[in-house]
Amino acid sequence: MATRSRTAATAAPATPAPVTGLNEAESRIFHAVFESVMSQRLAPGTKLPEQGLSDLFGVHRAVVRKVLQRLAHDRIVDLRPNRGAVVAEPTVQETRQIFEARRLLEAAILPLAAARITKAELAALRRQLREEHATLHQHNQPAWARLASAFHMRLAEIAGNEVLQRYLHELISRCSLIVALYEPPGNAACEHDEHARIVDHLEKGEVAKAVKLMDEHLLDLEQRLHLDRPQSEKSLGQMLGLG
């Protein structure tokens with residue numbers, strides 16, 4: 001374990017940060033859609049009509065169009081020519097490929113992190129895990145998902161390879177959406193105890209065990225997904241928590 005000193009990053013915030021490039025009204029719509037997807041109120045393939053959102057939020061369609069474009073950039077929705085926007089609906093094949101790529105990437109990141117991690121960073125990871133555990137018991141799925149993802153991203157930051165970090169950020173974003181869409185209600189997106197055990201292995205220098213546990217951790221997450229969720233019969237406003 002490395003002994004140099006470096007300031008550790010703090011855990012991700014439990015509340016959504018302002019969306020860069022969007023004003024207050026646009027951010028409100030963005031978060032309403034994002035949180036509704038992450039809490040499984042909006043199912044995969046749900047249509048998001050510009051006029052319907054415009055009426056619900058009392059804004060012009062141009063405002064809605066800008067938000068939908070941003071959501072599409074973040075892969076939360078798909079914009080289909082002549083059909084409008086729908087909640088993203090990853091295929092089974094795409095899901096398998098994304099998780100396979102993530103397992104391979106995190107297996108490469110952990111040995112790098114183990115070679116560089118300091119005692120201060122281990123302590124910071126423990127604090128982050130305590131916040132993660134507390135949020136889990138508050139039944140706040142969006143906040144929990146952000147903290148669980150932040151743990152994986154923190155390991156990538158410690159590894160010190162910015163290219164791997166960028167690739168992991170994209171894969172985690174796509175995995176988070178898939179999990180939010182297809183994870184059975186009541187399950188944690190990431191098992192807190194497995195995160196803690198990974199940190200235990202890193203602290204003891206047991207790199208191979210950490211890599212093996214991470215692979216099992218991500219494979220278990222993938223296998224828990226239900227890729228055949230039925231469409232909701234609720235109205236768009238009800239799914240957005242507005243009705």
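## Arg75, a small sheet and two helix pairs

Let's start with one residue: Arg75 is partly exposed, because its relative accessible area of 39% falls between the 20% and 50% cut-offs. Keep in mind that you're looking at a predicted model. From Arg75, we'll move on to a three-strand sheet, and then to the packing of helix 4 against helix 9 and of helix 1 against helix 3.

**Two residues with a positive phi**

- Arg75 sits in the loop that links helix 3 and strand 2.
- Its backbone is worth a look: Arg75 isn't a glycine, yet its phi is positive, at about 65 degrees.
- Asn82 is another non-glycine residue with a positive phi, near 65 degrees.
- You'll find Asn82 in the loop between strand 2 and strand 3, and that hairpin has three residues between its strands.
- Is Asn82 buried or exposed? With a relative accessible area of 85%, Asn82 is over the 50% cut-off, so it counts as exposed.

**The sheet**

- Three strands make up an open sheet, and if you walk across it you meet them in the order 1-3-2, with antiparallel pairing.
- Which strands stand at the edges? They are strand 1 (47-48) and strand 2 (77-80); each has a single partner strand, so one side of each has no neighbour in the sheet.
- As a bit of background, strands in a sheet pair up through backbone hydrogen bonds, in either a parallel or an antiparallel way.
- Strand 2 pairs with strand 3 (residues 84-87) over four bridges, in the antiparallel sense.
- Strand 1 and strand 3 also run antiparallel, joined by two bridges.
- Want a spot to zoom in on? Ala85 in strand 3 has Leu48 opposite it, and Leu79 stands opposite Ala85 too.
- Val86, also in strand 3, has Asp78 opposite it.

**Helix 4 against helix 9**

- The axes of helix 4 (residues 92-116) and helix 9 (residues 207-223) come within 9 Å and cross at roughly 160 degrees.
- Why do we call this pair roughly antiparallel? An angle over 145 degrees counts as roughly antiparallel, so helix 4 and helix 9 fit that label.
- Helix 4 makes a right-handed crossing as it passes helix 9.
- On the helix 4 side, the contacting residues include Arg96, Phe99, Arg102 and Leu110, while the helix 9 side includes Val207, Met214, Asp215 and Leu218.
- Sorted by class, this contact has 12 nonpolar and six charged residues, with no polar ones.

**Thr95, a buried residue in helix 4**

- Thr95 belongs to helix 4.
- Thr95 has a relative accessible area of 0%, which is under the 20% cut-off, so it is buried.
- What does Thr95 touch, leaving out residues up to four places away in sequence? Its contacts are Pro90, Ile178, Leu225 and Leu227.

**Helix 1 against helix 3**

- Helix 1 (residues 24-38) packs against helix 3 (residues 61-73) at an angle of about 50 degrees, and their axes are 9 Å apart.
- That angle makes helix 1 and helix 3 oblique to each other.
- Helix 1 passes helix 3 in a right-handed crossing.
- Glu26, Ile29, Phe30 and Val33 are the helix 1 residues in this contact, and their partners in helix 3 include Val63, Lys66, Arg70 and Leu71.
- By class, the contact between helix 1 and helix 3 has seven nonpolar and three charged residues, and no polar ones.

How values were computed. Residues are numbered from 1 along each chain as its sequence is written. This is a predicted model: local features need pLDDT of at least 70, side-chain atom pairs count only at pLDDT 80 or more; totals for chains, interfaces and linings use all residues. Side-chain values use heavy atoms; hydrogens and water are left out. Axes are lines fitted to C-alpha atoms, for helices over the stretch in contact, and angles run from 0 to 180 degrees between N-to-C directions. Angles under 35 degrees count as roughly parallel, over 145 as roughly antiparallel, 65 to 115 as roughly perpendicular and the rest as oblique. A crossing is left-handed if the near helix is turned anticlockwise from the far one by less than a right angle, and right-handed if clockwise. Contact means heavy atoms within 4.5 Å. Ala, Val, Leu, Ile, Met, Phe, Trp, Tyr, Cys and Pro count as nonpolar, Asp, Glu, Lys and Arg as charged, and the others, Gly among them, as polar. Two strands pair if DSSP finds at least two bridges between them. Buried means under 20% relative accessible area, exposed over 50%, partly exposed in between (1.4 Å probe, protein chains only).
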